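Got your viewer open? Let's take a walk through this structure, one selection at a time.

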Amino acid sequence: NMLLLAFSALLATCYASSNMCDEGWGSYKTEDGITKCVYYKKGEYYTYDELLVKCADLNAVLPQPKTVQEAEKIRGVLRSMKADKKRIIFTGYRRRYFEDNPKYDGGKPTNKAYLTNQKMYKNQYGLKWLMPFLSWRETQPMNEHNKGESCTAMKPISKKQKKGVDDFKCTAKGIFACVRDAATDPYEIDVPFKE
């Protein structure tokens, strides 16, 4: 029994220090020390709304970097996974509440400053949360010409100088990339979801 307990403790220690992501997923640590798993599927490209569904099917979400540094970690993982270098990486933030604002008239903003207000971008998965200001790329959002850039994405990984999150059109086609928290238990990984 003692040998079995010692082996179990050793196994638990090994699992605790390991990646704890499903096979084929990459990983990175947030500044809070949380391990995040990153999924990428080569050759598939989706609009923002299509990707929300694809990620949900994997029990995952669009990446939600809290800082420019975290955005760069995600891009680094995707680079190591040989992700498409020319396509954007959608993130889980979106501009909200134009229709509720008196400065917005019939689908067209009447106040240019409203288009570039960082406070209008919310967390896609919890609309009460603002997009973290520290994740924006310098000078962003910059939808000054009303290009319909209501969604957010990181620049393609080939653009090394473009750090952080930018505003983009929701109809653009981004790579199939999703994120979720790493499993806390070795029995949670590589287990298919059953209804």
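Start by selecting Cys-151 and Cys-170: the torsion about their S-S bond is about 95 degrees, so this disulfide is right-handed. Keep in mind as you click around that you're looking at a predicted model. The pair links distant parts of the chain, with Cys-151 in strand S8 (residues 151–154) and Cys-170 in the loop between strand S9 (165–168) and S10, 19 residues apart. Show the sulfur atoms and you'll find them 1.9 Å from each other. In case the word is new to you, a disulfide is a covalent bond between the sulfur atoms of two cysteines.

Are these two cysteines buried or exposed? Buried means under 20% relative accessible area. Cys-151 has 0% relative accessibility, so it counts as buried. Cys-170 comes in at 16%, so it counts as buried too.

How many disulfides does the structure hold? There are 3, so hide nothing yet: two stops of this kind are still to come.

**Next stop: Cys-55 and Cys-178**

Select Cys-55 and Cys-178, which are joined by a disulfide with an S to S distance of 2.0 Å. Cys-55 lies in helix H2 (residues 48–57) and Cys-178 in strand S10 (residues 174–181), so the bond ties together parts that are 123 residues apart in sequence. The angle about this S-S bond is -85 degrees, and the link is left-handed. Colour by accessibility if you like: Cys-55 and Cys-178 are buried.

**Then Cys-21 and Cys-37**

Now pick Cys-21 and Cys-37, whose sulfur atoms sit 2.0 Å apart in a disulfide. Distant parts of the chain meet here: Cys-21 is in the loop between helix H1 (2–17) and strand S1 (26–29), while Cys-37 is in strand S2 (residues 35–46), 16 residues away. This link is left-handed, with -85 degrees about the S-S bond, and both Cys-21 and Cys-37 are buried.

Zoom out for a second and number the bonded cysteines in sequence order: the pairing reads 1-2, 3-6, 4-5.

**On to the rings**

Time to leave sulfur behind. A pair of aromatic rings is described by the distance of the centres and the angle of the planes. Here the count comes to 4 aromatic pairs.

For one of them, select Tyr-39 and Phe-176: their ring centres are 5.2 Å apart and their planes meet at 65 degrees, so the pair is edge-to-face. Tyr-39 lies in strand S2 and Phe-176 in strand S10, so the rings tie together parts that are 137 residues apart in sequence. Tyr-39 has 16% relative accessibility, so it counts as buried, and Phe-176, at 5%, counts as buried as well.

Tyr-48 and Phe-90 make another edge-to-face pair, 5.3 Å centre to centre with 85 degrees between the planes. Tyr-48 is in helix H2 and Phe-90 in strand S3 (residues 89–95), so this pair ties together parts that are 42 residues apart in sequence. Both Tyr-48 and Phe-90 are buried.

Go back to Tyr-39 and Phe-176 and add Trp-25 and Tyr-46 to your selection: these four form one aromatic cluster.

**Last stop: charges over rings**

Stay with Trp-25 and show Arg-180. The charged end of Arg-180 sits over the ring of Trp-25, 4.1 Å from its centre. To finish, which ring does the charged end of Arg-87 sit over? Select Tyr-45 and you have it: the charged end of Arg-87 is 4.0 Å from the centre of that ring.

Conventions. Residues numbered from 1 in each chain as written. Predicted model: local features only at pLDDT ≥ 70, side-chain atom pairs only at ≥ 80, totals over all residues. Heavy atoms only, no water. Disulfide = S-S within 2.5 Å. Helix = DSSP H or I, 4+ residues; strand = E, 2+ residues; numbered from the N terminus. Buried < 20%, exposed > 50% of the residue type's maximum accessible area, 1.4 Å probe, protein only. Phe/Tyr/Trp six-rings, centres within 6.5 Å; stacked < 30°, edge-to-face > 60°. Lys NZ or Arg CZ within 6 Å of the ring centre and 35° of its normal.
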